[in-house]
Every structure is written in C-alpha cells, then in structure tokens.
Amino acid sequence: MSDTKVFRIWIKAAPEKIWEALTDPEWNKRYGYGTPQTYDLQKGGQYQAVASQEMKDYAKANGFEMADIVVEGEVLEADAPRRLVQTWKMLMDPGTAAEPYTTLTWDIEDSGPGVCRVTITHELTGAPAHAAMVQGNPDAGAEGGGGWAWVLSDLKSLLETGSILAGK
Amino acid sequence: MTDDDRVFKALADPSRRFLLDLLFARDGRTLTELESALAMTRFGVAKHLRVLEEAGLVVTRRSGREKLHFLNPVPIRQIHDRWIDKYTEHQITTLIDLKHTLEEES
C-alpha cells in the first residue's frame, strides 16, 4: 500500500521560468486555485497560501468564514531551479487541518531542447482527506477542484500560451 | 508521434487500461504484483507498462531495490481540458450523475 501520489507533466519552458511560476506569488496566483503563495526559500523557511478574494466571496455567499491562510508548510529543501521539498497542510477544511503535515516534492528536470519534465511527488501518509483533495474531482469547478493534475495542466497552459485554461 | 498520439495509442489497448485500473485502485505496485493480476507473461506486462510510461500515464520510482509504478492522471486531465471547458463541465457532471443514479436503481 502506497501513500504516495505522483503527478507529471512536460512543459515547454526554461527551468528558471517554471521555478519562478512556482515560487513567486505574482506568478503562482495566476493559475490553479488562484491563491498567492509565498515562500521563504531556505531550509526551515515558511510557506503560506493566502485565500483569494474569489474564495472569500464564495465562503461568504455560502455562509461560512474563510481562513486567511488556506495552506501552510515549511521549506525542507530549496535547490533553484531544480528541486523544492516542503511540508504542506490545507487549513481551510477541518478534515485536512486535523491531519498531519504531508510532504510535497517538485522536481524540474531537462527532458529535451527547451522542454522540462515537472514531477510532483506527494507523500500522504496518514492523510486520506488530503489524498482525496489532491487527487481531484473530475469536475474542476466543483468543491475541492481538480487537484494537482488540473493545477499542472493550468500551469503548462499559462507558461506556454500566456493564458490559463479558464481563459482569464 | 506527438504526445497526444502516444496517450491515445496507450489507452487503445484493454490490457493497458486494466493496468491503469489496477493502479487507480492502489498505487505504487511492483511489476510482480501487477503481473499476478493478468493472464500474461512477465515480459508482456513489462512491455505494456513501458508503453504506458512512454505516454506519461505511468511514472516509476525506485524504492530500495523495488521499482514502483504510479498512475499519472495528468495526461488524461489534459485530454479532458482540451474539449471540456469550465462552462460545459457542470452540465456534463449532472448528466453523468443522472446516469449513475438511474443505473443504480434498475
């Protein structure tokens, strides 16, 4: 039985560009769940994803409060532009907040001329609610969204075409 | 062959779809585990896994002396995103839910 999930995509972009798209809030708020994410890129540094206005509006319309910090963790290894290892916990949902921290690894490898292979390895030991979230709902617009597969697909679209899948 | 061609070719074979179903049910399996679920030689299973890996549908990782196979759902997501946009998604999900509900009743 494995508690690890692996997600991989090939992106036509330089590794530095992909690294920037992952770690710079000006970039990482533009794809996936649209939450600006800040990294202190050193061992022990803090990682935080801040609730977007859209998330807060959605929560308000549905009668609940959205926490300011939706995901948090700690940087375990930052080797720009190749490898980022961090802990990762979703706080916005009581089910995931009660689980232990998960470990997330981003690997950016050269795969061909101008093409990188980006792999997410997510260790989800003791965290079934996290596993269900990151695995994604087939309907990306539904609660929980499309998970890592959708985030990676969106990241590729942004880096290669300049616009995300939803066309914003 | 383009990336898409590789994905569609990989998915066109029932044995390969069965291997993906096995990994969807439980990820991180060895060749030996996967082989025991199919009426096929070890060589045959390894060959199918290689096609799946070349299409990006299976990712392998080393864990000690073992080579573990993981389902990578990203290429299937990309096929989905190519033809199904944010606005039609809800209607499709509703129809699929309806199908499941009606089929469970009968």
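The exercises below deal with a predicted model and are each followed by a worked solution.

Residues are numbered from 1 along each chain as its sequence is written, and chains are lettered from A and ligands numbered from 1 in the order in which they are written. Because this is a predicted model, local features need pLDDT of at least 70 and side-chain atom pairs count only at pLDDT 80 or more, while totals for chains, interfaces and linings use all residues.

**Exercise 1. The sheet of chain A**

Give the strand order of the sheet in chain A, and state which strands stand at the edges.

Solution.
- Strands (E, at least two residues) and helices (H or I, at least four) are DSSP runs, numbered from the N terminus.
- Two strands pair if DSSP finds at least two bridges between them.
- In chain A, seven strands form an open sheet in the order E1-E7-E6-E5-E4-E3-E2, with antiparallel pairing.
- E1 and E2 (37–39) of chain A stand at the edges; each has a single partner strand, so one side of each is left without a neighbour in the sheet.
- From one strand to the next, the twist averages 20°.

**Exercise 2. From E2 to E5**

Follow the pairing from E2(A) to E3(A), then to E4(A) and on to E5(A), naming residues that stand opposite each other.

Solution.
- Step one: E2(A) and E3(A) (residues 46–50) run antiparallel and are joined by three bridges. A:Gln37 stands opposite A:Ala49, and A:Thr38 opposite A:Gln48. The two strands form a hairpin with six residues between them, and A:Gly44 in the turn has a positive phi of about 85°.
- Step two: five bridges join E3(A) to E4(A) (residues 69–79), again antiparallel. A:Tyr47 has A:Gly73 as its bridge partner, while A:Val50 stands opposite A:Ile69.
- Step three: E4(A) and E5(A) run antiparallel with six bridges between them, and A:Glu77 is opposite A:Val85. A hairpin of three residues connects these strands. The loop between E4 and E5 of chain A holds A:Pro81, which a cis peptide bond with omega of about -10° joins to A:Ala80.

**Exercise 3. The two faces of E3**

Which residues of E3(A) lie on the covered face, and which on the uncovered one?

Solution.
- In a regular strand the side chains alternate between the two faces of the sheet.
- The covered face of E3(A) has A:Tyr47 and A:Ala49.
- The uncovered face has A:Gln46, A:Gln48 and A:Val50.

**Exercise 4. E1 and its surroundings**

Describe the pairing of E1(A), its burial and the helix H5(A) that lies across it.

Solution.
- E1(A) pairs with E7(A) in the antiparallel sense over eight bridges; A:Trp10 stands opposite A:Arg117.
- A residue is buried if 20 or more other C-beta atoms lie within 10 Å of its own, exposed if 12 or fewer, and partly exposed in between, with C-beta atoms placed from the backbone. Six of the eight residues of E1(A) are buried, and the strand is mostly covered.
- H5(A) lies across E1, E5 (83–90), E6 (102–112) and E7 of chain A and runs at about 25° to E1(A). Axes are lines fitted to C-alpha atoms, for helices over the stretch in contact, and angles run from 0 to 180 degrees between N-to-C directions.

**Exercise 5. Helix H6**

Give the span of H6(A) and say what covers its buried residues.

Solution.
- H6(A) covers residues 147–161, 15 in number, and reaches 21 Å from its first C-alpha to its last, close to the 21 Å expected. The expected span is 1.5 Å times one less than the number of residues.
- Twelve of the 15 residues are buried, so H6(A) is largely enclosed by the rest of the structure. Among them are A:Trp148, A:Trp150 and A:Asp154.
- The cover includes E1 (4–11), H1 (15–23), E7 (115–123) and H5 (128–135) of chain A, together with H5 (74–83) of chain B.
- After H6(A) comes A:Gly162, with a positive phi near 85°.

**Exercise 6. The contact between the chains**

How many residues does each chain bring to the contact, and what is the make-up of the side of chain A?

Solution.
- Two residues are in contact if their C-beta atoms, placed from the backbone, lie within 7 Å. Chain A brings 21 residues and chain B 19 residues.
- E1 and H6 of chain A each supply at least two residues of the side that touches chain B. E1(A) gives the most, with seven residues.
- By class, this side of chain A has twelve nonpolar, six polar and three charged residues. Ala, Val, Leu, Ile, Met, Phe, Trp, Tyr, Cys and Pro count as nonpolar, Asp, Glu, Lys and Arg as charged, and the others, Gly among them, as polar.
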